[in-house]
Amino acid sequence: MSLSESTDKQATQGVVFGLTAYVMWGCFPLFFALFEGIPAWEVLIHRILWSCVFLAGLISVMRRWAVVRAALAQPSRLGRVLACALLIGLNWGIYIYAVETRHVFQASLGYFLTPLVNVMLGMIVLKERMEKLQGVAIGLATVAIAIQLVLLGELPWITLTLAVSFGTYGLLRKQVPLDGLSGLFVETLLLLPLGLLAVTWLSAVGGSHFLAGDNRATLLLVASGVITALPLMAFAGATRRLRLATVGFLMYINPTLQFFIALLVFREPLAPTQLASFVLIWVGLALYSYSAWQSRPREKSAPESA
């Protein structure tokens, strides 16, 4: 096989892995909608617990314990990992709540907004230079949020919380020298004691849905950990084979699928004001994407999704 054929094969595999990851993430609302009657925070607890268990198994199979042990052997460096863990936990919890309360449009808008939040955080925290088109894109996003605040009379807190928490997670995650799989395992491991305490308390007060006679609920709670890890594995396969610019464009599959699931499956009402916000964000993303494409040799990494 020639070098060109090998490169083409790698790129094809990368696209397949990327599509798999983002389609799975985009279909998450369909999965978390199955947890009807189970509070979002209880689903979050089990998502953390069973993700940790499943990831431990994967790391054993893939023989990556050396990386994990090295990270845990340096407690002074775990502060940033703990911050990442708290941020991803917050993001997961708000996302599950958004699905359960049928605010998937807001969740979709939050993930559309995330790349622009990344640009803004890069400018504020890392003192990165903002391109003119990126500035226009952020301005359009600000107008979109202002429209909802003024015309709807409420701050789209789900959208903003998801975008800011995931954007900040991405910023901190870039500074942690761990791959996606090992990093997520260490993050869930740090949250494991809190999760175990919460499950113990729920069981003690009789409020747990796990092993409470409903086999369907128990299986769903366990499956939440597996469902969390599988797209991450596919994402890792994509990032190893594709340029970051390509991965960045594939990223929009996730919120786009969420948008159409909210519209066509959940039948959420889409007010003209909300649609105007989406249009402004989409225009901003088009400008951002063009700017990112122009400066693609300077790009370095991309964070994991919900």
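Colleague: Residues 14-147 caught my eye; what is the span made of, and how far apart are the end C-alpha atoms?

Modeller: In this predicted model, the span is 82% helix and 0% strand, and its end C-alpha atoms lie 39 Å apart. An unreviewed UniProt entry places the feature "domain: EamA" at these residues, 14-147.

Colleague: Happy to hear it. Where is confidence lowest in the protein chain, and where is it highest?

Modeller: Helix α11, residues 244-250, has the lowest mean pLDDT, at 70, while α2 has the highest, at 96. The protein chain averages 85, and 92% of the residues score at least 70. Please keep one caution in mind: where pLDDT is low, the predicted coordinates should not be read in detail.

Colleague: Now the rings. Why is the pair of Phe32 and Tyr95 called edge-to-face?

Modeller: Two checks settle it. The ring centres are 6.3 Å apart, and a pair needs centres within 6.5 Å, so Phe32 and Tyr95 do pair. Their planes meet at 85°, and over 60 degrees counts as edge-to-face, so that is the name the pair gets.

Colleague: What makes this pair a tie between parts of the chain?

Modeller: Phe32 belongs to helix α2 (residues 28-32) and Tyr95 to helix α5 (residues 78-100), so the pair ties together parts 63 residues apart in sequence. Phe32 and Tyr95 are also both buried.

Colleague: And how do you know that Tyr111 and Phe166 form an edge-to-face pair?

Modeller: By the same reasoning. Their rings are 6.0 Å centre to centre, which is within 6.5 Å, and the planes are 80° apart, which is over 60 degrees, so this pair is edge-to-face. Tyr111 sits in helix α6 (residues 104-125) and Phe166 in helix α8 (residues 157-173), linking parts of the chain 55 residues apart. Both of these residues are buried. The whole structure holds 23 aromatic pairs, and one aromatic cluster includes Phe32, Tyr95, Tyr111 and Phe166.

Colleague: What makes you say that the charged end of Arg47 sits over the ring of Trp92?

Modeller: It lies 4.2 Å from the centre of that ring. The distance cut-off is 6 Å, so Arg47 passes on distance. The angle to the ring normal must also be within 35 degrees for a charge to count as over a ring. Arg102 is another case, lying over the face of Phe266 at 4.3 Å from the ring centre.

Colleague: Which residues touch the most other members of the largest nonpolar core?

Modeller: Phe32, Phe35, Tyr95, Leu113, Leu116, Ile281 and Tyr288, out of 83 residues in that core. Helix α5 gives the most to the core, with 12 residues. Beyond its neighbours within four places in sequence, Leu116 is in contact with residues including Ala137, Ile138 and Tyr288.

Colleague: Why is Trp65 called partly exposed?

Modeller: The relative accessible area of Trp65 is 29%, and the middle class runs between 20% and 50%, so partly exposed is the right label. Trp65 is in helix α4 (residues 65-72). Leaving out residues up to four places away in sequence, Trp65 touches Ala56, Ile59, Ser60 and Phe185.

Colleague: Last one: why is Gln274 called buried?

Modeller: Gln274 has a relative accessible area of 16%, which is under 20%, so it counts as buried. Gln274 lies in helix α13 (residues 272-294) and, apart from neighbours within four places in sequence, is in contact with Phe105, Leu152 and Pro269.

Terms used
Residues numbered from 1 in each chain as written. Predicted model: local features only at pLDDT ≥ 70, side-chain atom pairs only at ≥ 80, totals over all residues. Heavy atoms only, no water. Phe/Tyr/Trp six-rings, centres within 6.5 Å; stacked < 30°, edge-to-face > 60°. Helix = DSSP H or I, 4+ residues; strand = E, 2+ residues; numbered from the N terminus. Buried < 20%, exposed > 50% of the residue type's maximum accessible area, 1.4 Å probe, protein only. pLDDT = per-residue confidence, 0-100. Core = buried A, V, L, I, M, F, W, Y, C linked by side-chain atoms within 4.5 Å. Contact = heavy atoms within 4.5 Å. UniProt positions renumbered as here; feature names shortened; annotations may be inferred.
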